[in-house]
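The exercises below invite a newcomer to read a chain step by step, each with a worked solution. Please look over the sequence and the structure before starting.

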Amino acid sequence: VKQGDTQMTIVGLIVAALFFFASQAPPLQELAPKRPLSKLFCASVLISVGGQFVVHLSSLLYVLELCSDHMVKDDPLMVPDGDFHPNILNSIVFILSAWMQLNTFAVNYCGRPFTQVSFCL
């Protein structure tokens, strides 16, 4: 699936803005009694990442299956090294991948109890 330069620029700017807003979250006035995770490879992180992977992969495979009925198999515009031409497949995959990036950010954004919420999710 080929993505257009404009599409990827827009998604890149949105993701950069999300990380900027998250980095601007001020710390809490008091330290929270709850502490951050001490290890990166603990059960909760592995389950979260594994669950997100399964949901995202199954969503992409489902969308590919839905789009396969509407695509011409030998379409000359589907050449991987050719110019970008919008079609149903790359449009739907773009929308889904942008949505997945936003959801991943929303799910993994900590906020309380470590920082103040800088924006409402």
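**Exercise 1: a loop residue**

Task: decide whether Val 79 counts as buried, partly exposed or exposed.

Solution: At 42% relative accessibility, Val 79 counts as partly exposed, because buried means under 20% relative accessible area, exposed means over 50%, and partly exposed lies in between (1.4 Å probe, protein chains only). Val 79 is found in the loop between α2 and α3, where helices (H or I, at least four residues) and strands (E, at least two) are DSSP runs numbered from the N terminus. The C-alpha atoms of Val 79 and Lys 2 are 77 residues apart along the chain and are separated by 9.2 Å. Gly 82 also belongs to the loop between α2 and α3, and its 27% relative accessibility makes Gly 82 partly exposed. Between Gly 82 and Lys 2 there are 9.4 Å in space, C-alpha to C-alpha, and 80 residues in sequence.

The model is predicted, so that local features need pLDDT of at least 70 and side-chain atom pairs count only at pLDDT 80 or more, while totals for chains, interfaces and linings use all residues. Residues are numbered from 1 along each chain as its sequence is written, and side-chain values use heavy atoms, with hydrogens and water left out.

**Exercise 2: the chain as a whole**

Task: state how many helices and strands the chain has, and what share of its residues is buried.

Solution: The chain has three helices and zero strands, and along the sequence these give the pattern α-α-α. Of the 121 residues in the chain, 20% are buried. Turning to contacts (heavy atoms within 4.5 Å), 77% of those with a separation of 6 or more are between residues 24 or more positions apart.

**Exercise 3: two helices side by side**

Task: describe how α1 and α3 are oriented to each other, and name the residues that make their contact.

Solution: Begin with the geometry: helix α1 (residues 5-23) and helix α3 (residues 88-108) pack at an angle of about 5°, with their axes 11 Å apart. Axes are lines fitted to C-alpha atoms, for helices over the stretch in contact, and angles run from 0 to 180 degrees between N-to-C directions. The two helices α1 and α3 are therefore roughly parallel, since angles under 35 degrees count as roughly parallel, over 145 as roughly antiparallel, 65 to 115 as roughly perpendicular and the rest as oblique. On the α1 side the contact is made by Gln 7, Val 11, Ile 14, Val 15, Leu 18, Phe 19 and Ala 22, and on the α3 side by Phe 94, Ala 98, Gln 101, Leu 102 and Phe 105.

Next, look at one of these residues: Gln 7, in helix α1, counts as buried at 16% relative accessibility. Apart from its neighbours within four places in sequence, Gln 7 is in contact with Phe 84 and Phe 94.

**Exercise 4: spans and buried faces**

Task: compare the spans of α2 and α3 with what is expected, and find where their buried residues pack.

Solution: The expected span of a helix is 1.5 Å times one less than its number of residues. The 26 residues of α2 should therefore span 38 Å, and its end C-alpha atoms are 37 Å apart, which agrees. With 21 residues, α3 reaches 30 Å from its first C-alpha to its last, close to the expected 30 Å.

The buried residues of α2 are Gln 52, Val 63 and Cys 67, and they pack against α3. Among them, Gln 52 has 17% relative accessibility and so counts as buried; not counting residues up to four places away in sequence, Gln 52 touches Thr 104, Val 107 and Asn 108. In α3, the buried residues include Leu 89, Asn 90, Val 93 and Phe 94, and the buried residues of α3 pack against α1 and α2 (43-68).
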